[in-house]
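Dear colleague,

Please find below the structure that I am handing over to you, together with its sequence. My notes on strand pairing and on the surface follow directly after it.

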Amino acid sequence: MKLAIVILNWNGTKLLEQFLPSVVAFSKEADIYVADNASTDDSIAFVNKNYPEIKIVRNAENGGYAKGYNDALKHIDADIYCLLNNDIEVTENWLTPIIDTFQAEPNTTIIQPKILDYKNKNLFEYAGAAGGFIDKYGYPYCRGRIFNTIEADEGQYNDTIEIFWASGACLFIRQDIFNALDGFDDSFFAHMEEIDLCWRAKNHGYSIKYVGASTVYHVGGATLETISPKKTYLNFRNSLFTLTKNATGPIFTKIFIRLVLDGIAGIKFVCEIKPNHTLAVIKAHFSFYYHLIKVLKQRKKLEQLKIKTKYYERTSIVMDYFVNRKRYFKNLGK
């Protein structure tokens, strides 16, 4: 099984300097690539000088996460891709349980390891934690993280289970499935594109797993800060894209309920004195409605491929969290 670790980079010399050593030291089973998104710093020179064994793929432009990986992976041949953020520290033997799972389970097409916080290593990290799920209205949440409530890692998620989506911070996928799904949706640029990809995989009947025997540590927000209004904009807009493209059943009721719930989120940002984030939510909706006909055409094209099963475990994670005060994953079944 040929494995390629592909690290997408844009002006990330300092991050490569900090995090490449662990990847090189603990990834002897894999070929390592840096996919550079037209950096203007000395990223490529740094890798060539210090890690001549690492292969470099140069993208012609900064197409963000989605287009960046789509462009780069066309030039990389492997059975399994590991899409790895440049702000991730890996651990010894992190690849072994992942490879074992792929070899034992032919229908498992995407895998995520346990993702902990690099800055506070006993906590789960926001982007992926212990595997992702989604509610009826397209709001994502994770084992180990629901909205801004982060759990400590006490071994409660050391299992291997079926999940709905895997984090793009560290995502393993079979090459043939990535190609069959036409990769990421370029229009997303960044954020939520991995959920869209996983949802399309689910609609084809493929299995997505979380493997808790493998651990990585993620800085998070190293490219686009968590407090950035642009991140808020991309998350809200791309979430609407993802829901509309992939959800089974009538879609317009879901879109209307999202309008209401996102409006409440905008009001909450005002109350928190974050008017730029409120504006970002409004801009996200205007962009979504502007692109709605295009997204509905994508939905129609994908419709014939969907397996008609319920895609969500919770009707509304927003109600669970904010109204019913269920802040931890273990409470959701109650």
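Strand S5 (residues 88–90) and strand S14 run antiparallel and are joined by three bridges. Within this pairing, Ile 88 has His 218 of S14 as its bridge partner. Please note that the model is a predicted one.

Strand S14, which spans residues 207–218, also pairs with two further strands. With strand S6 (residues 108–117), the pairing is parallel and extends over nine bridges. There, Val 211 of S14 stands opposite Pro 113. With strand S12 (residues 160–162), S14 pairs in the antiparallel sense, over three bridges. In that case Lys 209 of S14 is the bridge partner of Glu 162. As to its surroundings, S14 is mostly covered, since 11 of its 12 residues are buried.

The second finding concerns the surface. A nonpolar patch is formed there by Phe 256, Leu 259, Val 260, Ile 264 and Tyr 289. Together, these residues have about 460 Å² of accessible area. Helix H8 (residues 252–271) contributes four residues, the largest share of the patch.

Leu 259 is one of the patch residues, and its place is in helix H8. The relative accessible area of Leu 259 is 38%, so this residue counts as partly exposed: the value lies between the 20% limit for buried residues and the 50% limit for exposed ones.

With kind regards

Technical notes:
Residues are numbered from 1 along each chain as its sequence is written. This is a predicted model: local features need pLDDT of at least 70, side-chain atom pairs count only at pLDDT 80 or more; totals for chains, interfaces and linings use all residues. Side-chain values use heavy atoms; hydrogens and water are left out. Buried means under 20% relative accessible area, exposed over 50%, partly exposed in between (1.4 Å probe, protein chains only). Helices (H or I, at least four residues) and strands (E, at least two) are DSSP runs, numbered from the N terminus. Two strands pair if DSSP finds at least two bridges between them. Patches are made of residues with over 30% relative accessible area and no salt bridge: like charges are joined within 9 Å, nonpolar side chains (Val, Leu, Ile, Met, Phe, Trp, Tyr) within 5 Å. Accessible areas come from the Shrake-Rupley method with a 1.4 Å probe; for residues, only the protein chains shown count as cover. A salt bridge is a side-chain nitrogen of Lys or Arg within 4 Å of a carboxyl oxygen of Asp or Glu.
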